[in-house]
Amino acid sequence: MRRYGKNPDEDDVRVRPNRKGNRPRTNIRPKHEDAREGLVLTVDRGRLTCLIDGRKVTAMKARELGRKSAVVGDRVAVVGDLSGAKDTLARIVRVEPRTSTLRRTADDDDPYERVVVANADQLAIVTALADPEPRPRLIDRCLVAAYDAGLEPLLVLTKSDLAPPDALLESYGALGVPYVVTNREELADGSAADRVREQLAGRMTAFVGHSGVGKTTLVNALVPERRRATGHVNAVTGRGRHTTTSALALPLPGDTGWVIDTPGVRSFGLAHVDPSRVIHAFPDLEPGTEGCPRACSHDEPDCALDAWAAEGHADPARLDSLRRLLATRERREGD
């Protein structure tokens, strides 16, 4: 059998034709330098709605992206028909690097990460004070996910007309998490939306919470021209019904920021979170870890943070809060 070198110039060299055309195969992919940048607003069964120059354009992911998917909040490069006209379809050829990625897993034993949103600056954790009852463990888990992703957390407490917020706020006081308390009357007259909107200005904020807490109702008050369906709480189970089935990014009035409404969650797995990264959200405690033993869990007898807090470098309540958050990976939300 004859073998040819790198430069086979002989006349009897046979070149296998490309069955699909005359162009030879190549690993060189087009750079798409003329692609326009867009923001992914929502994803529905493989079709992505992108905002490009103020127009909503329906697009699908290009084959060359492989398994890499785009999610709500992604900045993407788009080519093709960008008119946004009915029955037109553009193509996403590149997903730009993300500034943040909020992830969760189905449970703590699930190795598969689900990206909730990309490029958000803030995570608004919405919980009702009653009907349904608050779930502090789920709040803790959302806080851990926010700190791990580098997002600023915001606690939004709804239905204060049914129960006072004091006890819940006291348990998170040491964390210094900003909060807004709302009730149904304030949602109706718009004052609640105004106070929440102040916390969202200039940011892209993802809203998370379990079903029935009033998350979508609040989003509707923030962006009244884009109302989404809302549900009710089951009187028997105390659980809400899922009415939001897909994440959706909405601009605040006056283009002062973005809100991303996400489907209600009943669990927030943290299998993807490295506990060593959570300490970065506690700048008053992080220097004290220099004296910790290697791979310290920060909740063991020889942890240096006990001495750090005892010497007055940090509030002991902050250390208790850190350890409570780290322990959420060992507990279920309903515990």
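Start with the largest nonpolar core of this predicted model. The core has 56 residues. Select Leu123, Leu143, Phe282 and Leu322, the residues with the most contacts inside it. Helix H1 supplies the largest share of this core, nine residues. As a general point, nonpolar side chains in soluble globular proteins tend to be buried together.

Stay with Phe282 and show what surrounds it. Leaving out residues up to four places away in sequence, Phe282 touches Tyr147, Leu175, Arg318, Leu322 and Leu325. A second core, separate from the largest one, has 19 residues. To find this second core, select Val180, Val196, Val219 and Leu222, which are among its members.

**Helix H1**

Now select residues 136-149, which form helix H1. H1 has 14 residues, and the distance from its first C-alpha to its last is 20 Å. That is close to the 20 Å expected at 1.5 Å a residue. Is H1 enclosed by the rest of the structure or open? Of its 14 residues, 13 are buried, so H1 is largely enclosed by the rest of the structure. Step just past the end of H1 to Gly150, where phi is positive, at about 80 degrees.

**Strand S8 and its partners**

Select residues 122-128, strand S8. Seven of the seven residues of S8 are buried, so this strand too is largely enclosed by the rest of the structure. Which residues of S8 point which way? Gln122, Ala124, Val126 and Ala128 point one way, while Leu123, Ile125 and Thr127 point the other way, and all are buried. In a regular strand, side chains alternate between the two faces of the sheet.

Add strand S9, residues 152-158. S8 and S9 run parallel and are joined by seven bridges. Use Ala124 as a marker: Leu154 in S9 stands opposite it. Show H1 again together with these two strands, and you have a right-handed β-α-β unit made of S8, H1 and S9.

Next add strand S11, residues 204-208. S11 also runs parallel to S8, with four bridges between them. The bridge partner of Ala124 in S11 is Phe207.

**The loop between S8 and H1**

Go to Pro132, in the loop between S8 and H1. The peptide bond joining Asp131 and Pro132 is cis, with omega about 5 degrees.

Keep Asp131 selected and add Arg184. Their side chains meet in a salt bridge, at 3.8 Å from N to O. Arg184 lies in helix H3 (residues 184-189) and Asp131 in the loop between S8 and H1, so the pair ties together parts that are 53 residues apart in sequence. Arg184 is partly exposed, with a relative accessible area of 43%, and Asp131 is partly exposed at 36%.

**Other salt bridges**

How many salt bridges does a search of the whole structure find? The search finds 16. Side chains of opposite charge can pair when their charged atoms come close.

Select Arg98 and Asp74, whose closest N and O atoms are 2.8 Å apart in a salt bridge. Arg98 is in the loop between strands S5 (90-95) and S6 (101-104), and Asp74 in the loop between S3 (55-61) and S4 (75-80), so this pair ties together parts that are 24 residues apart in sequence. Arg98 is partly exposed, at 29% relative accessibility, whereas Asp74 is buried, at 0%.

Move to Arg197 and Asp194, a salt bridge with its closest N and O atoms 3.0 Å apart. Both residues are in helix H4 (residues 191-200), three residues apart, which means they are separated by about one helical turn. For a network, select Arg137, Asp140 and Arg324, which are joined by salt bridges that share partners.

**Last stops**

Select Arg323 in helix H8 (residues 316-326). Is Arg323 buried or exposed? At 15% relative accessibility, Arg323 counts as buried. Apart from neighbours within four places in sequence, Arg323 is in contact with His298, Asp299, Cys303 and Asp306.

Finish in two loops. Asp53, between strand S2 (47-52) and S3, has a positive phi near 50 degrees although it is not glycine. Asp53 is partly exposed, at 49%. Asp255, between strands S12 (248-251) and S13 (258-261), also has a positive phi, near 55 degrees. At 69% relative accessibility, Asp255 counts as exposed.

Conventions:
Residues are numbered from 1 along each chain as its sequence is written. This is a predicted model: local features need pLDDT of at least 70, side-chain atom pairs count only at pLDDT 80 or more; totals for chains, interfaces and linings use all residues. Side-chain values use heavy atoms; hydrogens and water are left out. A salt bridge is a side-chain nitrogen of Lys or Arg within 4 Å of a carboxyl oxygen of Asp or Glu. Buried means under 20% relative accessible area, exposed over 50%, partly exposed in between (1.4 Å probe, protein chains only). A nonpolar core is a set of buried Ala, Val, Leu, Ile, Met, Phe, Trp, Tyr and Cys residues joined through side-chain atoms within 4.5 Å. Contact means heavy atoms within 4.5 Å. The expected span of a helix is 1.5 Å times one less than its number of residues. Two strands pair if DSSP finds at least two bridges between them. A crossover is right-handed if, with the strands pointing away from the viewer, the path from the first strand over the helix to the second runs clockwise.
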